[in-house]
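This report covers selected salt bridges, strand pairings and single-residue environments. The sequence and model come first.

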Amino acid sequence: MYALLILSLSNCNQSKKNDKEGEVVVPDDYDTAELTIQRGMALFNQHCASCHNFNEAAIGPNLAGVTTNVSKDWLIQFIRNPQERIESGDERANELYAKYKTYMPSFEVLKNNELEDILGFVHKFSEAERKSRKKRLGGIIDPIPEKIPEPDLALVIEEFCTVPPSSDTTPKARINKLVALAGQQGERLFIADLRGTLYELVNEQATVFFDIDKALADFINHPGWGTGLGSFDFHPEFEKNGLFYTTHTESSRTVIADFPIPDSIPTKLQWVLTEWEMKNPVTSTFTGEKREVLRADMVSGAHGFQELTFNPLAQKGDADYGLLYLGVGDGAAALAGYPFLCDNAGVIWGSVVRIDPLGRNSANGKYGIPKDNPFVDDPDKLDEIWSYGFRNPHRISWDTNGSNKVFVTNIGQHSVEEVNLLKKGANYGWPFREGTFLFDTEANTEIVYPLPEEEDDFEYPVIQFDHDEGNAVSGGFVYAGNLTMLKNKYVFGDIPGGTLFYADVSEVVEGAQARIYKLGLELDGKSTSLNALSSGQRVDLRLGIDTSGELFLFTKSNGAVYKVVGCKPVGSAL
């Protein structure tokens, strides 16, 4: 039984005292960064989860609040050698020994950084339970215990370019999205930095195409969390009409929003969708006019207008041709105490919106409402919404190989990452579901719970992984290029850690979760990882695809862009 059995003092009437009688514990400095929590969770699930959780006593005590009930130094000493602490006469140690009637094994083999990871994880999860408004039993710390297999395939990459730094500190370049544009003069590649610059990649060099920071007086790119120049895409007839679209952030209540939050609720910022009309679409630098399309208030700086895209498969005359899909996050409203702002199709938050940017029959008269949108005739729901129930719909992509599947990734809270099939009118469950599990905004929000027995109408993910594998899903693409081994594989990844995954499109079916496989990486003939290439920093992985279906990988940490040029079995030569 793992040494964390001894950590709860809630059962020992010693709350708020440290190892010197009468002194109040001052909360210690625990590292709760995403990657720390991921490593700590893996160690906890390996050694502790069979005996402990954070919402009820199991074989061992409930750990809720333990890191504020006892000092960090005492915890470390006890984990290192619990028997020594008991035999020394330590009051707390002996009370727990008397209660559980067993010595804990010593864990002197644990490295300092491993202890820090475990305690960071315990602190974050136990504090969430302690602060929860409702005590709910049955919480699941390890929702998907099956581990993703080690890589059987490796992507061979080569350095394509490095985007100029937009900051002297990490992340050097907040590159967030790559878009390929097919034109009469050949393919054009564009990549955006969240700090406000849209680059065109010409001869493997990044040249400034457009600087939104200079074009918009109210543009801001703080506080981070995806704020700034969020997303962009070009109209299918860009070469004729010169139209492209961006999303960006401005300060709270800059102007009255089309989708306002009531004055009684504090807001952090606004997200804005803008149309830009370029005078000469074939030139290398933007000059032209702008037009605001829509604007929404946000409760926080997180989970905003994460995606903006057109259906690349739609042809002129198709119902979907020229229609713009906009991924709108919940603005963290669900956990800020306002779940009613994101739990139905009557509000814009937590949805995928589908509009005609050239139409004018919307409430604000600046865009069109497609007549085949699912809620057009429902007075209680928004005409704009295509589907809803998302926490953070980060990326949307179409399978161009003919399966008619549309993939939308949904970044989870702290348990499960999702890849969903985008369906008209579907409800994906947030904030009542996370992955194939129940979520409760009033209980411990760092864990999930078993689904209730009664049936529901929620749409569940077709691919999912939990947080001992990764922390935030980086939306990907179904590969459609010339590498045979990668054909018909949906390639995606984990944003902070940079781990790459794939799933076979043939296994992606409604009502089930496809198997996930890891992908290795090779550069200059040597096995590597994006974490190693980023010098161990947070990777901030993003993926892109060109008009031929070839993949690109890029990282905010250093502004590096890599092109996938090969795929082979791990350990073999090309």
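Glu127 and Arg130 lie 3 residues apart in helix α6 (residues 112-131), which means that about one helical turn separates them. In this predicted model, the two side chains form a salt bridge whose closest N and O atoms are 2.7 Å apart. Glu127 is buried, with a relative accessible area of 9%, whereas Arg130 is partly exposed at 38%. Side chains of opposite charge can pair when their charged atoms come close.

The structure holds 28 salt bridges. Three of them are listed here, with the N to O distance of each.

| Acidic residue | Basic residue | N to O distance |
|---|---|---|
| Glu127 | Arg130 | 2.7 Å |
| Glu307 | Lys177 | 2.9 Å |
| Glu292 | Arg295 | 2.7 Å |

In the pair of Glu292 and Arg295, joined at 2.7 Å, Glu292 counts as partly exposed at 26% relative accessibility. Arg295 is buried, and its relative accessible area is 3%. Elsewhere, salt bridges with shared partners connect Glu34, Arg538 and Asp540 into one network.

The bridge between Lys177 and Glu307 has an N to O distance of 2.9 Å. This pair links distant parts of the chain, since Lys177 belongs to strand β2 (residues 175-181) and Glu307 to strand β11, 130 residues apart. Both Lys177 and Glu307 are buried.

Strand β11 is also part of an open sheet. Its 4 strands follow the order β11-β12-β13-β14 and pair in the antiparallel sense. The edge strands are β11 (305-310) and β14 (385-388), each of which pairs on one side only. From one strand to the next, the twist averages 15°.

Strands of a sheet pair through backbone hydrogen bonds, either parallel or antiparallel. Between β11 and β12 (residues 324-328) there are 5 bridges, and the two strands run antiparallel. Phe305 has Val328 of β12 as its bridge partner, while Phe310 stands opposite Leu324 in β12. On to β13, the pairing of β12 is again antiparallel and has 5 bridges. There, Tyr325 is matched with Arg354 of β13.

How much of β12 is buried? The answer is 5 of its 5 residues, so the strand is largely enclosed by the rest of the structure. Leu324, Leu326 and Val328 point one way from β12, Tyr325 and Gly327 point the other way, and all are buried.

Asp330 sits in the loop between β12 and β13 (351-355). Asp330 is buried but has no salt bridge. The nearest side chain of opposite charge is that of Arg391, 5.5 Å away; the cut-off for a salt bridge is 4 Å, so this pair does not count as one. The side chain of Asp330 does reach the backbone nitrogen of Ala332, at 2.7 Å. Setting aside residues up to four places away in sequence, Asp330 touches His303, Cys342, Trp349, Gly350, Phe390, Arg391 and Trp430.

A further open sheet has 4 strands in the order β15-β16-β17-β20, with antiparallel pairing. At its edges stand β15 (393-398) and β20 (463-466); each has a single partner strand, so one side of each is left without a neighbour in the sheet. Direction ignored, neighbouring strands of this sheet are turned by 15° against each other on average. Strand β17 (residues 416-421) is joined to β20 by 4 bridges, and the two run antiparallel. Within that pairing, Val419 has Ile463 of β20 as its bridge partner.

The last site is Gln537, in the loop between α9 (530-533) and β26 (541-545). Is Gln537 buried, partly exposed or exposed? Gln537 is partly exposed, since its relative accessible area is 30%, which falls between the limits of 20% for buried and 50% for exposed. Apart from neighbours within four places in sequence, Gln537 is in contact with Thr170 and Asn531. The C-alpha atoms of Gln537 and Pro171 are separated by 9.0 Å, although these residues lie 366 residues apart along the chain.

Definitions and conventions. Residues are numbered from 1 along each chain as its sequence is written. This is a predicted model: local features need pLDDT of at least 70, side-chain atom pairs count only at pLDDT 80 or more; totals for chains, interfaces and linings use all residues. Side-chain values use heavy atoms; hydrogens and water are left out. Two strands pair if DSSP finds at least two bridges between them. Axes are lines fitted to C-alpha atoms, for helices over the stretch in contact, and angles run from 0 to 180 degrees between N-to-C directions. Buried means under 20% relative accessible area, exposed over 50%, partly exposed in between (1.4 Å probe, protein chains only). Contact means heavy atoms within 4.5 Å. Lys and Arg count as positive and Asp and Glu as negative; His and the chain ends are not counted. A polar contact is a pair of N or O atoms within 3.5 Å; within protein, one must be able to donate a hydrogen and the other to accept it, and residues adjacent in sequence count only if both atoms are side-chain atoms.
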